[in-house]
Amino acid sequence: MKTVKLMMCFFKKNPVLLLFVFLELTISMILFSDQIGELQYQHYSLELYQNSGLAECDHFTSLTVPGLTESPDDTAEAVFEAVRGTDGVEAIGISQSFTGIDTADLDLERELQRKYVVSVLTPSVFGSLPLKLSDGTWQPKETITDSTVNVVACGELAVKHRVGDIISIAFNDNSGTENIMKLKVVGRVAPPGFSVSLNMSSNAFSADNLFSICNCFIAVQTQSNYAVLSMFDPSYDADRGMMIRYKQDLDPASLEQARASLRSWGYLTTPDEIVENTKTLIRRDLNERFPMLMFFLIISSFSMISSVIVTQMKMCSNNAVYYLCGSTARRCFLYSGIPAALVGILALLVNIGRIAYYHINLDFWHYSKPKVLNGTTIAIVAAYFTVTIFIAILASYYVFQKNTPIEIYRKNK
Amino acid sequence: MIELRKLNKYYKVGKQKFHALKDVDLKIEDGEMVAIVGKSGAGKSTLMNIIGLVDTWDSGEYMLDGVQIRKNSDLKLAKLRNEKIGFVLQDFALIEDQSVLFNVSLPLILGKEKMKNIKPKALHALEKVGLADQRSKKANQLSGGQKQRLAIARAIINEPSLILADEPTGALDSKTGIEIIELLAKQNAAGTTVVIITHDKTVSESCGRIIRIADGALV
Ligand SMILES: Nc1ncnc2c1ncn2[C@@H]1O[C@H](COP(=O)(O)OP(=O)(O)OP(=O)(O)O)[C@@H](O)[C@H]1O
Ligand SMILES: [Mg+2]
C-alpha cells in the first residue's frame, strides 16, 4: 500500500510521457506480432498443405481459353471441361461460391447488410482437408429434409456463430430471381480457420495461396446439401484455379504427357514445386523480415531506454528526497522502474487481447496479408517485450547506479 | 554521539583528485546544538553529507552512537538515515507536486510504520511546526518559511536522534529564519542533537558550540 503511494507519485509526475511510452510499446508490439504472424501463417499453410490429400494434386490455372465464348461463366465451365477431358486426369477440385444477404438486413442500406459467402468445394478432391474443427462436425448424421444447407463456419464466422445457428440468406439464382435459403451451422473450424481459395493464379503457386480465405461458410457436398443446392441453383462464382488429381495407375511417361499438355495452355504447379515455392517464399520473407524484426527490437529498446532515463531524470529530485528520508538508491530506482514496467505490461496485455480477439474483426489491417496469431505469437511477443524491458532497465540501471540519487540530483539541478 | 577520526574525503575532478576533507577529527555529544561555519567551498556540506550517511569517505573512521559505520552497506545506511537522522536543507528538498501530508509522512512511508499510524503521526508533527491547517495544500503552494517548517516536521517525524540542517535559513528572510532556528532549538531542548551549517552570525551564536572549517580542515 505504501509502495503504491510512492508509485502513484511517479504516474502523477509523468502522465504524458507514460502515455507515449505506452503507445510506442503497444504499436511496436502490434507491428512485431504482425510480422511474426505472417511468417507463422506461411508455415501453417505449408503444413496444412503437406498434411492434406492435396499434396498429391497439381495446381492449374488456364492462360488461354478453349472454345472462347461470350459469357465468363461459360468460359470457366469450358476450361474445367477441357481439363477434365485431358488424358490421365481423374478429377479436378474447384471452388465455387455464392453470396447471400442476411434476410434480417434486407431493408438496410447496402453497406450495412451482412453478406455471407458460401463456398462449395468439390468433395472428391477437398474431402480430406485437414482443417480442424473446434466443435461440431463436417457432416452431421441426421439428414434434414427441408431446404436447409449444412455449413461449417470458418474464420471470423466461426467466432460469431455457434453450432446449431440457423441463418437465412437471400440470394439470386441463375435465372436472376431472388431466393431464400437457410444455412445451418453444423461445425466451426478451429482458429486460425483459413479455407481453400483457388482464386490466385501465379507461375509460382505456393501453399499460402491455397489457404488464403477466411470468413466463409463451407458447404460440404453431402447428398442432402447437393439436393438443396441443386434445387435452388444459385449463381456461382467459380475460382479460376483448380487442383488436379491424376489417375492412380498412371505411368510416369503418361503423367508427364498429361502435365505437358496442360502446361501448353496454363500455369501448372506440381506438389514438389508448390512445396519448393512455399519454402522459397518463407526463406525470402524471413530474410526480408529478420532485419525488420531486429529493427523493431532495437528501436523499441532504445526508446524504452531513453524513456526510462528521461523519467528517472524527471524523478531525480523525488529520488533525492526518498534517499534522504531513508531509501536506498536501488529502491529509489524501483519506485519509478516498476511503474514504468507496469506501463509496458499494460501494453503487452493490450497486445495479448488483440491477438486473442484477432478473429473478431478488431484488426485495422484486416484486408492485409493473412496471418496466424495464436499462443505462439503471444509467447514470442512476450519474449520480445521481456528482452526490450530487460535491456532498458539494465541499461538505465547501469546509468543511474553509478552515483547516489543526491549526486544525480545535484548534477541535474 | 558522532565521532569522526582522521576522516579524509576526495572528489574526483576529471583525472585529478580534490582533497575536500583533510584528517577531520570531530566529536559531537548527544543533545548538543552545533554550528558549522566556514567560507563557501570550505567543505561544510561535504562534512554534513558524510555525517548524514548520504555520501562516502575515503579513509578514517566514523562512529554513530557508538556503532562503527561501514561505507558499503546501503541497506543499513538507509535504515539509519530513516530512523536516526532528519535533514533540513536550504532548498527544502520537498516533493513539490505532492501534498503537505504526503511530504511529512515520507519517512514513515519509506520506513516500517504501519499504514494506519501514519496519518495521526503526520498530523502530530505538523502541529508541532504549526502547519496542521495547511495539510491538504500542495507543497508548492506554501511560502518559503512554511516549506522549511514542513521540512522540519518531516525531519522530526521519526523522532531522530540527530537533525542536520544545511543553511536552513539561507532562502528565508531574517524574521522567518529566526522562527526556523527557534523551532530547531526547541527540538534540541527536547534532546535531539542539532547540527546547523550557517553563514549567519546570529544563527551560529545561538548554538552551543561553533565548529570552524577552512579548506577542508577543522580550525
Ligand atoms: N561532487 C563534487 N565533485 C567535485 N568537487 C566537489 C563536489 N562537491 C563538492 N566539491 C568541492 O568540494 C569543496 C567543498 O564543497 P562543499 O559543497 O562541501 O562546500 P560548502 O562549504 O558547503 O560551500 P557552500 O557554503 O558554498 O555551500 C568545494 O571546493 C567543491 O568545489
Ligand atoms: Mg554547502
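Let's start where two parts of one chain meet: across the interface of domain 1 of chain A and domain 2 of chain A, the rule finds 0 salt bridges. Keep in mind that this is a predicted model. From there we'll look at how chain A meets chain B, what sits around ligand 1, and a couple of residues in chain A that are worth finding on your screen.

**The two domains of chain A**

- Chain A splits into domain 1, made of residues 2-44 + 280-412, and domain 2, made of residues 64-264.
- If you go from the C-alpha centre of domain 1 of chain A to that of domain 2 of chain A, you cover 45 Å.
- The two domains do touch: 10 residues of domain 1 of chain A are in contact with 13 residues of domain 2 of chain A.
- Together, domain 1 and domain 2 of chain A bury about 1000 Å² between them, and carbon and sulfur atoms give 67% of that area.
- On the side of domain 1 of chain A that touches domain 2 of chain A, you'll find 6 nonpolar, 3 polar and 1 charged residues.
- As for polar contacts, the count between these two domains of chain A is 2 residue pairs, both residues of a pair being at pLDDT 80 or more.

**Where chain A meets chain B**

- Here, 24 residues of chain A are in contact with 29 residues of chain B.
- A handy bit of background is that the size of an interface is often given as the accessible area lost when the parts come together.
- For chain A and chain B, the buried area is about 2200 Å², with carbon and sulfur atoms giving 62% of it.
- Which three residues supply more of the area that chain A buries against chain B than any other three? They are Lys2(A), Leu324(A) and Cys325(A), which supply 31%.
- The rule finds 0 salt bridges across the interface of chain A and chain B, but there are 7 residue pairs in polar contact between these chains, counting pairs with both residues at pLDDT 80 or more.
- The elements giving two or more residues to the side of chain A that touches chain B are α1 (2-13), α10 (316-324), α11 (329-356) and α13 (405-412) of chain A.
- Of these contributions, the largest share comes from α1(A), with 6 residues.
- Sorted by class, that side of chain A has 11 nonpolar, 5 polar and 8 charged residues.

**Lys13(A), a residue to look up**

- You can find Lys13(A) in helix α1 of chain A.
- Lys13(A) and Met315(A) are 302 residues apart along the chain, yet 7.8 Å separates their C-alpha atoms.
- Leaving out residues up to four places away in sequence, Lys13(A) touches Lys314(A), Met315(A), Ser317(A), Asn318(A) and, over on the other chain, Asp97(B).
- With one of those neighbours, Asn318(A), the side chain of Lys13(A) makes a side-chain polar contact at 2.8 Å.

**Around ligand 1**

- Where is ligand 1? Ligand 1 lies between chains A and B.
- There are 13 residues surrounding ligand 1, and the closest are Ser40(B), Gly41(B), Lys44(B), Ser45(B) and Thr46(B).
- A polar side-chain atom of Lys44(B) is 2.7 Å from an oxygen atom of ligand 1.
- For Ser45(B), a side-chain N or O atom lies 2.7 Å from an oxygen atom of ligand 1.
- For Thr46(B), the distance from a side-chain N or O atom to an oxygen atom of ligand 1 is 2.5 Å.

**Salt bridges**

- Side chains of opposite charge can pair when their charged atoms come close.
- Over all chains, the structure holds 25 salt bridges.
- One to look at joins the side chains of Glu90(A) and Arg245(A), with 3.3 Å from N to O.
- This pair links distant parts of the chain, 155 residues apart: Glu90(A) is in strand β2 (residues 89-93) of chain A, and Arg245(A) is in strand β11 (residues 242-246) of chain A.

Methods
Residues numbered from 1 in each chain as written. Chains lettered and ligands numbered in written order. Predicted model: local features only at pLDDT ≥ 70, side-chain atom pairs only at ≥ 80, totals over all residues. Heavy atoms only, no water. Domains from an automatic or database assignment. Contact = heavy atoms within 4.5 Å. Buried area = accessible area lost by both parts, 1.4 Å probe. Salt bridge = Lys/Arg side-chain N within 4 Å of Asp/Glu carboxyl O. Polar contact = N/O pair within 3.5 Å; in protein donor to acceptor, adjacent residues only side chain to side chain. Nonpolar A, V, L, I, M, F, W, Y, C, P; charged D, E, K, R; others polar. Helix = DSSP H or I, 4+ residues; strand = E, 2+ residues; numbered from the N terminus. Near = heavy atom within 4 Å.
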